[in-house]
Amino acid sequence: MEKRVNKDLEDFYQNPKDSNLTEYESVMKSMTKEEINFIKERTPIKFFKKGTILLREGEVSDKSYFTFKGCVRQYYLMDGIEKTTFFFTEGHSISSFQSSSQQTPSKHYLECVEDCKLSVSSLKNEEEMYHRFPRFKMMCLKESERQLGNYQEMLAHYITSSPEERYLNLLKSRPELLNRVPQHQIASYLGVKPESLSRIRKRISLK
């Protein structure tokens, strides 16, 4: 298994176009051999079964992930009810930034919705990498800024739209989630109950 994992990681860094994660192709091409080797040696790919909890509320996060395959759900537990806030799929970086950067207890959970293949990086390794390769730190900061902008737009749309508009936006932007994620989790993500989501889907299908 370990040989297969290392081969997967090597294939990705040497042939990013073949990984179906083409948005990272230009990033990988701009990296030096030394940078690539450093990452390969310190960010192993691991497999996680569906239902695995990567992070629990109250734990201090010391790891970040990159999604090669699968889906990871971020959710909060409020009065015993799960509130889904995001689904990380192929090509997404996963981190609990506030918890890891400030070393404070996480307020949310990270759960594998599917069997997942993720690269795993520790906070210690990232700090060493940034120290040795300042240019790579700038690349990561730019990517973080891009993701933050996307999250801000997503939050603004959520606040200003109706549940039906949120569902239509999901159909347009991430339709694959509807076949990969249980309906009750989709409903939670849209801020409605499962029965309300069923009515929305029926109403749209009749239009």
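## Close-up views of a predicted model

**View 1. Glu126 and its contacts.** Leaving aside residues up to four places away in sequence, Glu126 touches Ser64 and Ser121. This is a predicted model, and that goes for every view here. You'll find Glu126 in helix H5, which covers residues 123-132. Is Glu126 buried or exposed? With a relative accessible area of 17%, Glu126 counts as buried, because the cut-off for that label is under 20%. Now look for Lys137: eleven residues separate Glu126 from Lys137 in sequence, and their C-alpha atoms are 8.9 Å apart in space.

**View 2. The largest nonpolar core.** This core has 29 residues, and the ones with the most contacts inside it are Leu54, Val72, Ile186 and Leu190. Several elements give two or more residues to it, including strand S2 (53-55), strand S7 (109-112), strand S8 (116-122) and helix H10 (194-205). Which element supplies the largest share? That's H9, with four residues. As a bit of background, nonpolar side chains in soluble globular proteins tend to be buried together.

**View 3. Zooming in on Val72.** Val72 is one of the residues with the most contacts inside the largest nonpolar core. Not counting residues up to four places away in sequence, the residues that Val72 touches include Leu54, Phe86, Phe87, Phe88, Ile94 and Leu110. Glu111 and Cys112 are also among the residues touched by Val72.

**View 4. Helix H9 and the glycine after it.** Why do we call H9 largely enclosed by the rest of the structure? Because six of its eight residues are buried. Those buried residues are Gln185, Ile186, Ala187, Ser188, Tyr189 and Leu190. Two of these names, Ile186 and Leu190, should ring a bell from the list of residues with the most contacts inside the largest core. Right after H9 comes Gly191, with a positive phi near 80°.

**View 5. The second largest pocket.** Here's an open spot with a volume of about 250 Å³. It is lined by 14 residues, and the closest to its centre are Ile81, Glu82, His184, Ser188 and Val192. Which elements give two or more residues to the lining? They are strand S5 (81-88) and helix H9 (183-190). Sorted by class, the lining is quite a mix: five nonpolar, five polar and four charged residues.

**View 6. Where helices H6 and H7 meet.** The axes of H6 (residues 134-160) and H7 come within 8 Å, crossing at roughly 145°. On the H6 side, look for His157, Tyr158 and Thr160; they meet Glu165, Arg166 and Asn169 in H7. By class, this contact has one nonpolar, three polar and two charged residues.

**View 7. Two loop residues with positive phi.** Asp79 sits in the loop between strand S4 (72-78) and S5. Its phi is near 55°, a positive value in a residue other than glycine. Asp79 counts as exposed because its relative accessibility is 81%, and the cut-off is over 50%. Gln103 lies in the loop between helix H4 (97-102) and S7, and the phi of Gln103 is near 55° too. How exposed is Gln103? At 44% relative accessible area, Gln103 is partly exposed.

Methods:
Residues numbered from 1 in each chain as written. Predicted model: local features only at pLDDT ≥ 70, side-chain atom pairs only at ≥ 80, totals over all residues. Heavy atoms only, no water. 1 Å grid on protein atoms, 1.4 Å probe; cavity = no way out; pocket = protein on both sides within 12 Å on 5 of 7 lines; lining within 4 Å. Points joined across faces, edges and corners; volume = space filled by probe spheres on them. Nonpolar A, V, L, I, M, F, W, Y, C, P; charged D, E, K, R; others polar. Core = buried A, V, L, I, M, F, W, Y, C linked by side-chain atoms within 4.5 Å. Buried < 20%, exposed > 50% of the residue type's maximum accessible area, 1.4 Å probe, protein only. Contact = heavy atoms within 4.5 Å. Axes fitted to C-alpha atoms, helices over the stretch in contact; angles between N-to-C directions.
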